[in-house]
Amino acid sequence: MLSFRAFLAELKEELSSPELDLSTLDRLRAKYLGRNGLVNKSFDSISPDEKKAVGPEFNQTKKHIEDLLEDKRLRLLEQSDTAEFFDVTRSGTSFPKGSLHLVTYAVEEITKIFERIGFIRMSYPEVEWEYNDFEALNMPKGHPARDDFETFFVEAEEDPQLGKMILSPHTSSGQIREMLRVKTPPMRMINIAKCYRPNWDVSHVPMFHQFEGFVIDKDINITHLKGTINYFAKEFFGEKREIRLRPYHFQFTEPSFEVDITCGVCGGTGFLSSPSSRGSQKGSHLGENDNKIKCKLCKSGWLELGGSGMIHPNVLRAGSIDPAVYSGWAFGIGVERTFMMKEGLKLDDIRTLYSGDIRFLQQF
Ligand code: DAH
């Protein structure tokens, strides 16, 4: 198949000639980039199918040649002593603008939302002791709940008390570290860090981020938990979204809840608007929703955000906090998952975020 690389090599050779001057440069431009120049002519000579295949390389080569010629032109102008050649109106060389990764923006936004209400941002280690991820969170060795956090083990010496070193499968280990750091409540932390689990599909990547909200003080109860998550949801997703707490089970909280948020696609109804009025005539036996289309994203009006609950007394004790005096709540939510639930994003595969495809990232 046709390759344009040879032209680049040839041009570079010609540009390296010590005799090169501005008029030769014009000739080289015509030779390579002119309507009947080498690049266009060879592109014209191939079949439409081939054109499709080499199209991107064709465009890149033209751009590359353009850059090489321009670069050389500027260098020649600089070297010439005719100062009047300096064109002050010419725009400067512009470089492609970089940006932060989408997940970094999401992490920044989440951080700001919680800092506004007095939370301290922490980032606890990604390589963590088994003890902080499990035992201290009320999941002793052999407990089946540990299976939910499939784990990458690190080849390192085992500690007799703290166990093996692992890639932390969740940010909840930060709870223990924060209690031992601050020692005396009140504590209000948002721990945002990378987590690792060996999964790879449309909604899982082996490295992802979680944010762990965590509060301990006297007289802390579930209403504070719900109020805080509700505040977050409105700030991050907008006023229209509602949350609910659904009873669930986690070893490190009692009681425990899953946090759900109304779906941004169907507005929390579970249905998209009806395409026809068939079946809705008087006398029909169909129910109100029978002729509506189910929302494909949520199927029920609700999307799962993460887990939460009131911190288990055993966890408080592991952090040297007296559960008779203090109480607290915690939640853990996936950053990427949450970010994908933003209205209008229409991102249906989490792996796209980490594909490294600049065309995707440039859209934001
Ligand atoms: N660590 C849990 C997970 O990764 C999420 C979680 C659930 C965090 C309940 C919490 C909590 O703080 O209270 O699945």
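**Exercise 1. Determine how helix H1 and helix H4 pack against each other.**

Step 1. Helix H1 covers residues 5-15 and helix H4 covers residues 48-79; helices (H or I, at least four residues) and strands (E, at least two) are DSSP runs, numbered from the N terminus. The model is predicted, local features need pLDDT of at least 70, side-chain atom pairs count only at pLDDT 80 or more, and totals for chains, interfaces and linings use all residues. Residues are numbered from 1 along each chain as its sequence is written, and side-chain values use heavy atoms, with hydrogens and water left out.

Step 2. The axes of H1 and H4 are 10 Å apart and form an angle of about 5°. Axes are lines fitted to C-alpha atoms, for helices over the stretch in contact, and angles run from 0 to 180 degrees between N-to-C directions.

Step 3. H1 is therefore roughly parallel to H4 (angles under 35 degrees count as roughly parallel, over 145 as roughly antiparallel, 65 to 115 as roughly perpendicular and the rest as oblique).

Step 4. From H1, Arg5, Leu8, Leu11, Lys12 and Leu15 meet residues of H4, among them Glu57, His64 and Leu68. Contact means heavy atoms within 4.5 Å.

**Exercise 2. Describe the surroundings of arginine 29.**

Step 1. Arginine 29 belongs to helix H2 (residues 22-33).

Step 2. With a relative accessible area of 27%, arginine 29 is partly exposed (buried means under 20% relative accessible area, exposed over 50%, partly exposed in between, with a 1.4 Å probe and protein chains only).

Step 3. Apart from neighbours within four places in sequence, arginine 29 contacts Gly34, Glu66, Leu69 and Glu70. The C-alpha atoms of arginine 29 and glutamate 70 are separated by 9.7 Å, although these residues are 41 residues apart along the chain.

**Exercise 3. Establish the strand order of the open sheet and identify its edges.**

Step 1. The seven strands follow the order E1-E5-E6-E12-E11-E8-E7, with mixed pairing; two strands pair if DSSP finds at least two bridges between them.

Step 2. Strand E1 (120-122) and strand E7 (243-248) stand at the edges with a single partner strand each, so one side of each has no neighbour in the sheet.

Step 3. Neighbouring strands of the sheet are turned by 25° against each other on average, direction ignored.

Step 4. E7 runs antiparallel to strand E8 (residues 253-262), and six bridges join them. Isoleucine 243 has isoleucine 261 in E8 as its bridge partner.

Step 5. Helix H5 (residues 102-115) packs on this sheet, touching E1, strand E5 (187-196), strand E6 (207-217) and strand E12 (327-334). The direction of H5 makes about 165° with that of E5.
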